Amino acid sequence: LGNTGAKVAIPAEMGFEAYESELNDFYGGGPGGDWRIIVNTELKSDYADCTLADYALLSAQANGGEASQDANGNYFFTYVNKVSEEEVYKFHTAVREGSEKYYRVSFYCFNEYWDTFSTQFAEWAKTIEVE
């Protein structure tokens, strides 16, 4: 996913395009805009006294979500970003720890597509690898 040090396996039939972003370390998604992915990283040294669990909790709280763990022990949270009445997005954000950075990999779509994509987002999140 760009130069972030994160990788994810997304089935080829889903299509994938990278886009320019001024706000995120990486931004991409499916053709047509049905779903998107963003990646942001932060240095672990900026969170010297945090564990991965602490970082996941802080990230979830900052976005109005609640941190959870999947069956494999991976941290994630979901949240809603309401831009306007017509523009509401729902996010599945996976939180990972690398050797020097924390990673937030967010899969998202319009709220009305959540039932279509939420399971796929959780499956894709299981494939995330970080440096």
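**Strands, a helix and a pocket**

Guide: Strand 6 and strand 7 run antiparallel and are joined by eight bridges. This is a predicted model, in which local features need pLDDT of at least 70 and side-chain atom pairs count only at pLDDT 80 or more, while totals for chains, interfaces and linings use all residues. Residues are numbered from 1 along each chain as its sequence is written, and side-chain values use heavy atoms, with hydrogens and water left out.

Visitor: What makes strand 6 and strand 7 a pair?

Guide: Two strands pair if DSSP finds at least two bridges between them; strands themselves are DSSP runs of E, at least two residues, and helices are runs of H or I, at least four, both numbered from the N terminus. With eight bridges, strand 6 and strand 7 therefore count as paired. Among the bridge partners, Val80 matches Lys90 and Asn81 matches Tyr89. A hairpin connects strand 6 to strand 7 through five residues.

Visitor: How do you know that strand 5 pairs with strand 6?

Guide: Two bridges join these antiparallel strands, so the criterion is met. Gln69 has Tyr75 as its bridge partner in strand 6. Five residues lie between the strands of this hairpin, where Gly73 takes a positive phi near 85°.

Visitor: Why is strand 5 called an edge strand?

Guide: The open sheet has seven strands in the order 2-3-4-8-7-6-5, with antiparallel pairing. Strand 2 (17–19) and strand 5 (68–69) each pair on one side only, as edge strands do.

Visitor: Why are the buried residues of helix 1 said to line one face?

Guide: Leu52, Tyr55, Ala56, Ser59 and Ala60 are buried in helix 1 (residues 52–62). Seen down the helix axis, they fall within an arc of 130°, so they line one face; the arc is taken from the directions from the axis to the C-beta atoms. In general, an α-helix has 3.6 residues a turn, so residues three or four places apart point the same way. The buried residues of helix 1 pack against strand 4 (35–43), strand 6 (75–82), strand 7 (88–97) and strand 8 (101–110). Just after helix 1, Gly64 takes a positive phi of about 75°.

Visitor: Is Leu43 buried, partly exposed or exposed?

Guide: Buried means under 20% relative accessible area, exposed over 50%, and partly exposed in between (1.4 Å probe, protein chains only). At 41%, Leu43 is therefore partly exposed. Leu43 belongs to strand 4 and, leaving aside neighbours within four places in sequence, is in contact (heavy atoms within 4.5 Å) with Glu100 and Lys101.

Visitor: What makes a space a pocket?

Guide: On a 1 Å grid over the protein atoms alone, a pocket is an open set of points with protein on both sides within 12 Å along at least five of seven lines; lining residues have an atom within 4 Å of a point. The largest pocket has a volume of about 160 Å³, the volume being the space filled by probe spheres set on the points. Its lining includes Glu20, Ser21, Tyr27 and Phe91.

Visitor: How do the lining residues of the largest pocket divide?

Guide: Six are nonpolar, three polar and two charged. Ala, Val, Leu, Ile, Met, Phe, Trp, Tyr, Cys and Pro count as nonpolar, Asp, Glu, Lys and Arg as charged, and the others, Gly among them, as polar. Tyr27 is therefore counted as nonpolar, and Glu20 as charged.

How values were computed
On a 1 Å grid over the protein atoms alone, a cavity is a set of points where a 1.4 Å probe fits but cannot get out, and a pocket is an open set with protein on both sides within 12 Å along at least five of seven lines; lining residues have an atom within 4 Å of a point.
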